[in-house]
Amino acid sequence: MLKRILKSKSGVSNVISTLLIISIMITSIALTYVYIIPTIERARMNATVSTSSLFMFKMDGAIQSLYFDGVGSARTIEVDAFTGNLEFRSYALNVRAYIDGSMFVAIPSLEYGLARLSFKSDVGMLPLNSIKYLKGSPYNSPVVTQDGQGTIDPAIITIERPESTSYNLDFYYRLLLQARDTGVGGTIDVTLVCVQFTNAESLRGLHSGTYQLTINKTRVELNPARYGFAGDGSPIEASGDDFYIAVNKGSGLLPVYVTSGTRTNVAFNLLVMTFDFYAVKIA
């Protein structure tokens, strides 16, 4: 029978047609897995990062608009991110102030808040263990000073790939330093502003519904006792030569404010603003 098929032109044509169809199918499947599916996954990842970043920027705008509002003020925003988990953490900073070459202020456990949106993906948009700054710069000081160069916006938003199958979007604030210096022979009055985040629960599974996030300004404290102050709102004071402040964010003490010359009085203040986050599922 096979000999008859081979002798028949129509039989040979059918065999060739079948082989061509099989080859086209194999090629199509290969193209789908090699090119089309990765392209779809990359587009989906781009959309996830874009909407999640937009949400972080919106949360930043809401919080900064509350800076000068009173305790109890609030803002409500829609959670645009449609995948991943949202959680709030606290990280420690070490703050030191020196005069006459000696330390007169030591705050070893000052905490600042961090909001983290994490999601799973094995799309290689970033190299492993790399960080991309969406707002701010890796060269920014941990403290924003009023006479510093560049932007005075304290917000930092980054995207990081800590593992091959996961990404983190982090949002936090640098410390903000306000200073009044009358010059050599005069006085210095500095206030360090720290933003803290509190939240009882993480918001997990953003893909499972529609959420609104309410941001409340719950507390404003001037020179709290838990950071070494007297507790009555008064600053820590000293006098002498060559005043400077250094901050350690995990990579060693970094001078963030330096003055030279004698001052009759140096007053160091700490202002802590606390924001609480409450999520509501609306659909």
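**The nonpolar core and its surroundings**

Colleague: Which residues of the largest nonpolar core touch the most other members?

Modeller: The structure is a predicted model, and its largest nonpolar core holds 37 residues. A member of such a core must be buried, that is, under 20% relative accessible area. The residues that touch the most other members are Met-59, Ile-63, Phe-171, Phe-197, Ile-215, Phe-275 and Phe-277.

Colleague: Which element gives the most to this core?

Modeller: Several elements each supply at least two residues of the core, including β2 (85–99), β3 (102–120), β9 and β14. Helix and strand numbering runs from the N terminus, and α2 (9–65) also belongs to this group. With seven residues, the element that gives the most to the core is α2.

Colleague: What kind of aromatic pair do Phe-171 and Tyr-173 form?

Modeller: The structure holds 14 aromatic pairs. In the pair of Phe-171 and Tyr-173, the ring centres are 5.1 Å apart and the planes stand at 70°. Planes over 60 degrees apart count as edge-to-face. The pair of Phe-171 and Tyr-173 is therefore edge-to-face.

Colleague: Is Tyr-173 buried or exposed?

Modeller: Phe-171, its partner in the aromatic pair, has 0% relative accessibility and counts as buried. Tyr-173 has a relative accessibility of 3%, and the limit for a buried residue is under 20%. Tyr-173 therefore counts as buried.

Colleague: How many residues apart are Phe-197 and Phe-277 along the chain?

Modeller: Phe-197 and Phe-277 form an edge-to-face pair, 5.1 Å centre to centre with 85° between the planes. Phe-197 lies in strand β9 (residues 187–198) and Phe-277 in strand β14, so the pair links distant parts of the chain. Both residues are buried. Their separation along the chain is 80 residues.

Colleague: Which residues form one aromatic cluster with Phe-171, Tyr-173, Phe-197 and Phe-277?

Modeller: Phe-171 and Tyr-173 are one aromatic pair, and Phe-197 and Phe-277 are another such pair. The cluster takes in these four residues and also Tyr-67 and Phe-88. The names asked for are Tyr-67 and Phe-88.

Colleague: What distance separates the C-alpha atoms of Tyr-211 and Val-280?

Modeller: Tyr-211 is in strand β10. At 8% relative accessibility, Tyr-211 counts as buried. Tyr-211 and Val-280 are 69 residues apart along the chain, yet their C-alpha atoms are separated by 5.5 Å.

Colleague: Which residues make the nonpolar surface patch of about 280 Å²?

Modeller: One member is Tyr-278, which lies in strand β14 (residues 262–281). Tyr-278 has a relative accessible area of 52% and is therefore exposed. The residues that make the patch are Tyr-278, Val-280 and Ile-282.

Colleague: Is Glu-87 buried or exposed?

Modeller: Glu-87 meets Arg-89 in a salt bridge, with an N to O distance of 3.1 Å. Arg-89 is partly exposed, with a relative accessible area of 31%. Glu-87 has a relative accessible area of 14%, which is under the 20% limit. Glu-87 is therefore buried.

Colleague: Which residues does a network of salt bridges join with Asp-60?

Modeller: A search of the whole structure finds eight salt bridges. One of them is between Asp-153 and Lys-135, whose closest N and O atoms are 2.9 Å apart. Asp-153 lies in the loop between β5 (143–145) and β6, and Lys-135 lies in strand β4. Through shared partners, Asp-60 is joined into one network with Lys-135 and Asp-153.

Colleague: What is the phi of Asn-129?

Modeller: Most residues other than glycine have a negative phi. Asn-129 has a positive phi although it is not a glycine. Asn-129 lies in the loop between β3 and β4 (131–135), and is exposed, with a relative accessible area of 56%. The phi of Asn-129 is about 65°.

Colleague: Which element of the protein has the highest mean pLDDT?

Modeller: The mean pLDDT of the protein is 84, and 80% of its residues reach 70 or more. Helix α1 (residues 2–7) has the lowest mean among the elements, at 52. The highest mean, 96, belongs to strand β11.

How values were computed
Residues numbered from 1 in each chain as written. Predicted model: local features only at pLDDT ≥ 70, side-chain atom pairs only at ≥ 80, totals over all residues. Heavy atoms only, no water. Patch = residues over 30% accessible without salt bridge, like charges linked within 9 Å, V, L, I, M, F, W, Y side chains within 5 Å. Areas by Shrake-Rupley, 256 points an atom, 1.4 Å probe, with all protein chains shown as cover. Salt bridge = Lys/Arg side-chain N within 4 Å of Asp/Glu carboxyl O. Helix = DSSP H or I, 4+ residues; strand = E, 2+ residues; numbered from the N terminus. Buried < 20%, exposed > 50% of the residue type's maximum accessible area, 1.4 Å probe, protein only. pLDDT = per-residue confidence, 0-100. Phe/Tyr/Trp six-rings, centres within 6.5 Å; stacked < 30°, edge-to-face > 60°. Core = buried A, V, L, I, M, F, W, Y, C linked by side-chain atoms within 4.5 Å.
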